[in-house]
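I opened this model to look up its aromatic pairs and its nonpolar cores. My notes follow in the order I worked.

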Amino acid sequence: MTKKTYKRCLLIMILIGLCLVPVLYAQSDHRPQAVKEVAYEFQVPLSKDVKRLKEMYKEPDFHGDGEAGILLSAKAEEIKFIEGQLSPYEVDKNSKEFQALEGCLTALNRRGFLPGLSEISRAYFKQTTDYRYGNFIGLLIDEKTNKILYVRWDT
């Protein structure tokens with residue numbers, strides 16, 4: 001290969017690479033990481049209309065234990081879609097699972113995370129380890145304000 005041919009091939013490869021950058025950027029997911037985390041944990045596709053309002057992560061310690069919360073806002077249609085997808089995880093308000101979710105919410109409130117939910121319309125509970133009430137994630141949905149609260153409890 002001559003020096004001229006080598007330079008031409010190199011230039012063509014660089015131009016192709018530069019043209020691919022905007023295409024790959026347009027195809028990427030621009031949602032906040034918190035929204036992606038909720039979608040991943042519950043295996044529910046959330047649209048780009050779901051917005052993160054605020055979040056609080058676990059306090060840093062040696063084990064990484066504690067509670068965390070992410071408050072999202074969504075349209076009413078999106079909430080109905082989520083409720084349809086998560087029906088296997090739905091819990092009754094008189095169950096131990098719901099009490100565990102409320103305990104996590106109380107712990108978050110003590111740390112200063114006030115989600116401003118007017119009424120919890122639906123609650124979803126998913127254990128993350130064999131210890132059911134020690135390690136879990138949950139969604140609390142307020143249909144009046146169109147808010148979704150994701151909570152994580154880890155001991």
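**Entry 1: aromatic rings**

I began with Y89, keeping in mind that this is a predicted model. Y89 is partly exposed, with a relative accessible area of 28%. I then turned to F42. F42 is buried, at a relative accessible area of 4%.

I checked the geometry of these two rings. F42 and Y89 make an edge-to-face aromatic pair, 5.9 Å centre to centre, with 80 degrees between the planes. I looked up where each ring sits. F42 belongs to helix 2 (residues 33-42), and Y89 to the loop between helix 3 (76-85) and strand 3 (90-91), so the pair links parts 47 residues apart in sequence.

Next I looked at Y150. The ring centres of F42 and Y150 are 6.5 Å apart and the planes stand at 85 degrees, so I logged this pair as edge-to-face too. Y150 lies in strand 6 (residues 147-154) and F42 in helix 2, so this pair ties together parts 108 residues apart in sequence. I noted both F42 and Y150 as buried.

How many aromatic pairs are there in the count? I get 3 aromatic pairs. I also noted that F42, Y89 and Y150 form one aromatic cluster.

**Entry 2: charges over rings**

I searched for lysines over ring faces. K126 has its charged end over the ring of F42, 6.0 Å from the centre. K54 lies over the face of F113, at 5.4 Å from the ring centre.

**Entry 3: nonpolar cores**

I moved on to the cores. Nonpolar side chains tend to be buried together in soluble globular proteins. Which residues of the largest nonpolar core touch the most other members? Of its 20 residues, I found L46, I82, L139 and I148 in that role.

I then asked which elements build this core. Helix 2, strand 2 (66-73), helix 3, strand 5 (135-142) and strand 6 each give two or more residues. Helix 2 supplies the largest share, 5 residues.

I listed a second, separate core as well. This one has 18 residues, among them A100, I120, F136 and L140.

**Entry 4: around L139**

I went back to L139 and left aside its neighbours within four places in sequence. What does L139 contact? I recorded V38, F42, I82, L86, R122, A123, Y124, I148, L149 and Y150. That list brings back F42 and Y150, two members of the aromatic cluster. It also includes I82 and I148, which I had already noted with L139 among the residues touching the most other members of the largest core.

How values were computed:
Residues numbered from 1 in each chain as written. Predicted model: local features only at pLDDT ≥ 70, side-chain atom pairs only at ≥ 80, totals over all residues. Heavy atoms only, no water. Phe/Tyr/Trp six-rings, centres within 6.5 Å; stacked < 30°, edge-to-face > 60°. Helix = DSSP H or I, 4+ residues; strand = E, 2+ residues; numbered from the N terminus. Buried < 20%, exposed > 50% of the residue type's maximum accessible area, 1.4 Å probe, protein only. Lys NZ or Arg CZ within 6 Å of the ring centre and 35° of its normal. Core = buried A, V, L, I, M, F, W, Y, C linked by side-chain atoms within 4.5 Å. Contact = heavy atoms within 4.5 Å.
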